[in-house]
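Biologist: I would like a close look at one helix pair and what lies around it. Please keep it brisk.

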Amino acid sequence: MFSRSAARTVSHARQFSSSAARQHKVAVLGAGGGIGQPLSMLLKLDKNVTSLSLYDIRGAPGVAADVSHIDADSTVKGYAADKLDEALEGVKVVVIPAGVPRKMSRDDLFNTNASIVRDLAAAVARVAPEAHLLIISNPVNSTVPIVSEVLKAAGVYDPRRVFGVTTLDVVRARRFLSEVTGAPTAETGVTVVGGHSGSTIVPLLSHNAHGKGVSGAAYDALVHRIQFGGDEVVQAKDGAGSATLSMAYAGAKFASTLLRGLNGEKGVVAPSFVKSDLFADQGVEYFSSNVELGPNGVEKIHPLGPLTASEEKLLAACLPDLKKNIEKGKAFVA
Ligand code: NAI
């Protein structure tokens, strides 16, 4: 048996090692935007974030001053347009929601966002080459290949550390399946695979006990709503932008899941758009599926599991489009 003081030392050591493992500095690039602001707020509330670095070409110091008053232990600092390198110093996780939101399709933003993401990735490669990058800026199917190519050119690419954030599709699928079936959202988690736009979004409803029962026209309508749910927000905002609050929630949710993995927690699994061998033989280099997250980022990519005939059809429609989107991203950097 331990003496009381020995027990105190052990518990002290435990506290120390668990808090030492949780020293994560997180940067948000595009922190002044519609997504960036609420995302920064939610990250401030995450116990695994000890330091928050907020950067934007406009408005980040103001957002930082505001968020820094929230009574959580993390520190917050804002960086103006010319302070990108400083913002990235010592950062472990970089979340990128910088860019313009779509007015119509996600592809119409390609040129603007492609350059923004390319330049930000180059700065990360230079200042924080070991950081994990979470890409929110659309079109994700192309921006993830862009970031990867930039990191490759800089000689610092590790595919385990580059993630396209597709969590909003997963969040929507859970909510919409709950609405259709009346089951609580705690029971309607759906794995969503493929990419992050329209027909490249493939929900695997058959893997959920409630989703399995949805068929016929109801199934088609549900799949369509998951694939094109973003349009509801774009239309309702009437030209003022796309999803920001639900996206901030989804971005913070994925960041928090990754941080748990980085801390060494076991069995942390979430879908993300990553470099993947699953369909590489069909020329699709990046694919979203369930990935296991650990201290190095992506530890393992899970196979899709059994698919119904309808899901096979969705996948067949996804792959050629996704391949084109990926090639477009790669060509932009080349
Ligand atoms: P927004 O226009 O409200 O905010 C974008 C922010 O990026 C602005 O504050 C702007 O100043 C900043 N910015 C622009 N260039 C920059 C640069 N070079 N460095 C740093 N910051 C820069 O747009 P919103 O609504 O926040 O959307 C941001 C991005 O997220 C868009 O590309 C949008 O399509 C995407 N998005 C992604 C989703 C997903 O599921 N992955 C869902 C919804 C939106």
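Which hand does the crossing of α5 and α6 have?

Modeller: The crossing of α5 and α6 is right-handed (the near helix is turned clockwise from the far one by less than a right angle; anticlockwise would be left-handed). This is a predicted model: local features need pLDDT of at least 70, side-chain atom pairs count only at pLDDT 80 or more, and totals for chains, interfaces and linings use all residues. Residues are numbered from 1 along each chain as its sequence is written.

Helix α5 spans residues 110–127, and helix α6 spans 140–153 (helices are DSSP runs of H or I, at least four residues; strands are E, at least two; both are numbered from the N terminus). Their axes come within 9 Å and cross at roughly 35° (axes are lines fitted to C-alpha atoms over the stretch in contact, and angles run from 0 to 180 degrees between N-to-C directions). From α5, the contact takes Phe110, Asn113, Ala114, Val117, Arg118, Ala121, Ala122 and Ala125. From α6 come Ser142, Thr143, Ile146, Val147, Val150 and Leu151 (contact: C-beta atoms, placed from the backbone, within 7 Å). The tally is 10 nonpolar, 3 polar and 1 charged residues (Ala, Val, Leu, Ile, Met, Phe, Trp, Tyr, Cys and Pro are nonpolar; Asp, Glu, Lys and Arg are charged; the others, Gly among them, are polar).

Now the wider setting. The chain is divided into domain 1 (19–164) and domain 2 (167–332) (bounds from an automatic or database assignment). Their centres, taken over C-alpha atoms, are 21 Å apart. Between the two, 39 residues of domain 1 touch 40 residues of domain 2. On the domain 1 side, the elements giving two or more residues are β1, α2, β4, β5, α6 and β6. Helix α6 gives the largest share there, 9 residues. That side has 22 nonpolar, 9 polar and 8 charged residues.

Then the ligand. Both domain 1 and domain 2 give residues to the shell around the ligand, so it lies between them. The shell holds 33 residues, and the closest are Gly33, Gly34, Ile35, Ala98 and Asn138 (a residue counts if its C-beta atom, placed from the backbone, lies within 6 Å). Helix α5 gives the largest share of the shell, 3 residues. By class, the shell divides into 17 nonpolar, 13 polar and 3 charged.

One backbone detail sits by α6. Most peptide bonds are trans. The bond from Asn138 to Pro139, however, is cis, with omega near -5°. Pro139 is in the loop between β5 and α6. Asn138 is also among the residues closest to the ligand.
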